[in-house]
Amino acid sequence: CQAHQAAKDTHERLQAELRKRRGELDKINGLDTKIRDELKSLAAKMQKMKQELPILKNIDGLKEEAMETSELLKEYKELYHLRSVGIKSQIGIVSSRYEK
């Protein structure tokens, strides 16, 4: 009966080892999926950067675009300031009518 018990103990140890190894395999497969997803993401980012590179290499063009944007924003700022002054003036007129 000792041989039978030893065989049973060995079988249980081997089953436990098998479960442990299957768990490790599941973790490895999970990591493999994560790595594949990360590589796809990095490839997409690289492709986007390659497309943007010619634009970024054109320093003079970028400077010109920045200056144009700056001028446009200054124009908008002035326009909104004039609107603000006009609205304040109108509010003053309307307020004075109701105060009378």
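A salt bridge, as the term is used here, is a side-chain nitrogen of Lys or Arg within 4 Å of a carboxyl oxygen of Asp or Glu. Keep that idea in mind as we walk through this structure, which is a predicted model.

Let us begin with a pair that fits the definition. The side chains of Asp32 and Arg36 meet in a salt bridge, with 2.3 Å from N to O. Because 2.3 Å is within the 4 Å cut-off, the pair counts. Where do Asp32 and Arg36 lie? Both belong to helix α1, and they are four residues apart, about one turn of the helix. Asp32 is partly exposed, since its relative accessibility is 36%. Arg36 is partly exposed as well, with a relative accessibility of 42%.

Now look at another part of the helix, where salt bridges that share partners join Glu17, Arg21 and Glu24 into one network. Arg21 forms a salt bridge with Glu17, and the closest N and O atoms are 2.6 Å apart. These two residues, Arg21 and Glu17, sit in helix α1, four residues apart, which is about one turn of the helix. Arg21 also meets the side chain of Glu24 in a salt bridge, this time at 2.8 Å from N to O. Glu24 and Arg21 are both in helix α1 too, three residues apart, again about one turn of the helix.

Are the members of this network buried, partly exposed or exposed? Arg21 has a relative accessibility of 42%, so it counts as partly exposed. Glu17 is partly exposed because its relative accessible area is 32%, and Glu24 is partly exposed because its value is 30%. In the whole model, the count comes to four salt bridges, among them the ones we have just visited.

Staying in helix α1, which covers residues 2-57, you can find Thr10. What lies 2.8 Å from a polar atom of the side chain of Thr10? It is the backbone oxygen of Ala6. Thr10 itself is partly exposed, as its relative accessible area is 32%.

Next, move on to helix α2, which spans residues 59-99 and contains Glu64. Which residues join Glu64 in a negative surface patch? They are Asp60, Glu65 and Glu68. Glu64 counts as partly exposed because its relative accessibility is 48%. That value also matters for the patch, because patches are made of residues with over 30% relative accessible area and no salt bridge.

Our last stop is a patch of another kind. Leu72, Leu73, Tyr76, Leu79 and Tyr80 make a nonpolar surface patch of about 490 Å². Tyr80 lies in helix α2, and it is partly exposed, since its relative accessible area is 49%.

To look back over the tour: in helix α1 we met the pair Asp32 and Arg36, along with the network of Glu17, Arg21 and Glu24. In helix α2 we met Glu64, a member of the negative patch, and Tyr80, a member of the nonpolar patch.

Key
Residues are numbered from 1 along each chain as its sequence is written. This is a predicted model: local features need pLDDT of at least 70, side-chain atom pairs count only at pLDDT 80 or more; totals for chains, interfaces and linings use all residues. Side-chain values use heavy atoms; hydrogens and water are left out. Patches are made of residues with over 30% relative accessible area and no salt bridge: like charges are joined within 9 Å, nonpolar side chains (Val, Leu, Ile, Met, Phe, Trp, Tyr) within 5 Å. Accessible areas come from the Shrake-Rupley method with a 1.4 Å probe; for residues, only the protein chains shown count as cover. Lys and Arg count as positive and Asp and Glu as negative; His and the chain ends are not counted. The place of a charge is taken as NZ of Lys, CZ of Arg, CG of Asp or CD of Glu. Buried means under 20% relative accessible area, exposed over 50%, partly exposed in between (1.4 Å probe, protein chains only). A polar contact is a pair of N or O atoms within 3.5 Å; within protein, one must be able to donate a hydrogen and the other to accept it, and residues adjacent in sequence count only if both atoms are side-chain atoms.
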